[in-house]
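Let's take a friendly walk through this structure, from a single residue out to its helices, rings and cysteines.

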Amino acid sequence: MIRLHLCTISFRHHLVSLPELAAWATRTGFDGIELWGVHARHLLEHAAVDGDWIRRQGLCVPMVSDYLPLEDAERDAWAYTRELCRLAHHWGADKLRTFAGHRSSAALSLAERGELANRLRSLTQCVADEGLSLVVETHPNTLADDLTATRELLETVDHPNLGVNFDVLHVWESGVDPLWALRDLAPWVRHFHFKNIARRSQLGVFAPANVYSPAGCRQGMVPLMDGACDYAPLLDWLMESREPMDISLEWFGGDCHEVLKRDQLQLRERLNPVASTLPSAVAFR
């Protein structure tokens, strides 16, 4: 069982409305739309467009992707998290995505790691109180930038509502075989981000400052099955596991509609034995 989603962050520099995007997603065969936090907030201005409206289009919002302030004052962090939970309820999402801070695991002392884990535990409880789950993304220059640090963080926080958004390319970037990492982190994996790069030497194009800039470099960004990171072993494992899963195609390059359509169709063909459209949110466990 599989649900494939597009990300509104892919259209961050495009003049396209959510109704237009939803109509295209439905025609193309996507199951849902992952909302970038800033988009989820600004779309509140359109009262007629919410989670119920999304469901009437035959879609879902599996996750709102944002960045919790793990290093701010606790009161401010709780206020921000509660507001994000309200956004998730508005859109019918059951997961919130965050980064584990903004410094690499190697740059953090044991005390600093402990402080981040304590804050993450506190905010996870805030999210759990709202009936939601929080997922930490495997991402460079965060406390979840390699397999050991990610597992240690999850075990230290030790909360059933905390999981992982498994970004395959960033795991590969860390030097670990994504399949090996997936097997190790499987009990915590709730969501996947899929993207690819032509050569390992070009991974710098995914640095946030470059990705978010309209003038940023896009050289090396390639369709999912054309890149240097080999998805075949991981896809084989997922097919054999027959577990439900949510996968978002995170495309940051040009020709968004064409590339996302192609990637979605190729994944459907590749995962056809376990592919299905599910009526409600699922978790990979």
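## Leucine 4 and its neighbours

Contact here means heavy atoms within 4.5 Å. With that in hand, and keeping in mind that this is a predicted model, a good place to begin is leucine 4, found in strand β1. Leaving aside residues up to four places away in sequence, leucine 4 touches Phe30, Asp31, Gly32, Ile247, Gln264, Leu267 and Arg268. Is leucine 4 buried or exposed? With a relative accessible area of 0%, leucine 4 is buried. Tyrosine 212 makes a useful landmark: 208 residues separate leucine 4 from tyrosine 212 in sequence, and their C-alpha atoms are 23 Å apart in space.

## Leucine 15

Leucine 15 sits in the loop that runs between β1 (3–7) and α1 (18–28). Here the relative accessibility is 91%, so leucine 15 counts as exposed. Along the chain, leucine 15 and isoleucine 33 are 18 residues apart, and 17 Å separates their C-alpha atoms.

## Helix α8 and its two partners

Helix α8 (residues 178–185) can be viewed alongside helix α6 (residues 147–157): their axes come within 11 Å and cross at roughly 10°. The reasoning needs one cut-off, as angles under 35 degrees count as roughly parallel. The two helices, α6 and α8, are therefore roughly parallel to each other. On the α6 side, the contact involves Leu147, Thr150, Arg151 and Leu154, which meet Trp180, Ala181, Asp184 and Leu185 in α8. Sorted by character, the residues of this α6 and α8 contact are five nonpolar, one polar and two charged.

Now turn to helix α10 (residues 232–241), which packs with α8 at an angle of about 35°, the axes being 8 Å apart. From α8 come Pro178, Leu179, Leu182 and Arg183, and from α10 come Pro233, Leu234, Trp237 and Leu238. The residues of the contact of α8 with α10 are seven nonpolar, one charged and no polar.

## Aromatic pairs

How many aromatic pairs does the structure hold? There are seven. One of them joins tyrosine 67 and phenylalanine 99 in an edge-to-face arrangement, with 5.2 Å from centre to centre and 80° between the planes. Tyrosine 67 lies in the loop between β3 (64–65) and α4 (74–91), while phenylalanine 99 lies in the loop between β4 (95–98) and α5 (110–129), so the pair ties together parts that are 32 residues apart in sequence. As for accessibility, tyrosine 67 is partly exposed at 22% relative accessibility, and phenylalanine 99 is buried at 9%.

Elsewhere to look for rings: Phe166, Phe192, Phe194 and Tyr231 form one aromatic cluster.

## Cysteines without disulfides

A disulfide is a covalent bond between the sulfur atoms of two cysteines. Searching the whole structure turns up zero disulfides. Why does cysteine 126 have no bond to cysteine 85? The sulfur of cysteine 85 is the closest cysteine sulfur to that of cysteine 126, but at 5.0 Å the distance is too far for a bond; the cut-off for a disulfide is 2.5 Å between the sulfur atoms. Cysteine 126 is also buried, with a relative accessible area of 3%.

Cysteine 256 is in no disulfide, and its nearest cysteine sulfur, that of cysteine 7, is 11 Å away. With 3% relative accessibility, cysteine 256 counts as buried.

Methods. Residues numbered from 1 in each chain as written. Predicted model: local features only at pLDDT ≥ 70, side-chain atom pairs only at ≥ 80, totals over all residues. Heavy atoms only, no water. Axes fitted to C-alpha atoms, helices over the stretch in contact; angles between N-to-C directions. Helix = DSSP H or I, 4+ residues; strand = E, 2+ residues; numbered from the N terminus. Parallel < 35°, antiparallel > 145°, perpendicular 65-115°, else oblique. Nonpolar A, V, L, I, M, F, W, Y, C, P; charged D, E, K, R; others polar. Buried < 20%, exposed > 50% of the residue type's maximum accessible area, 1.4 Å probe, protein only. Phe/Tyr/Trp six-rings, centres within 6.5 Å; stacked < 30°, edge-to-face > 60°.
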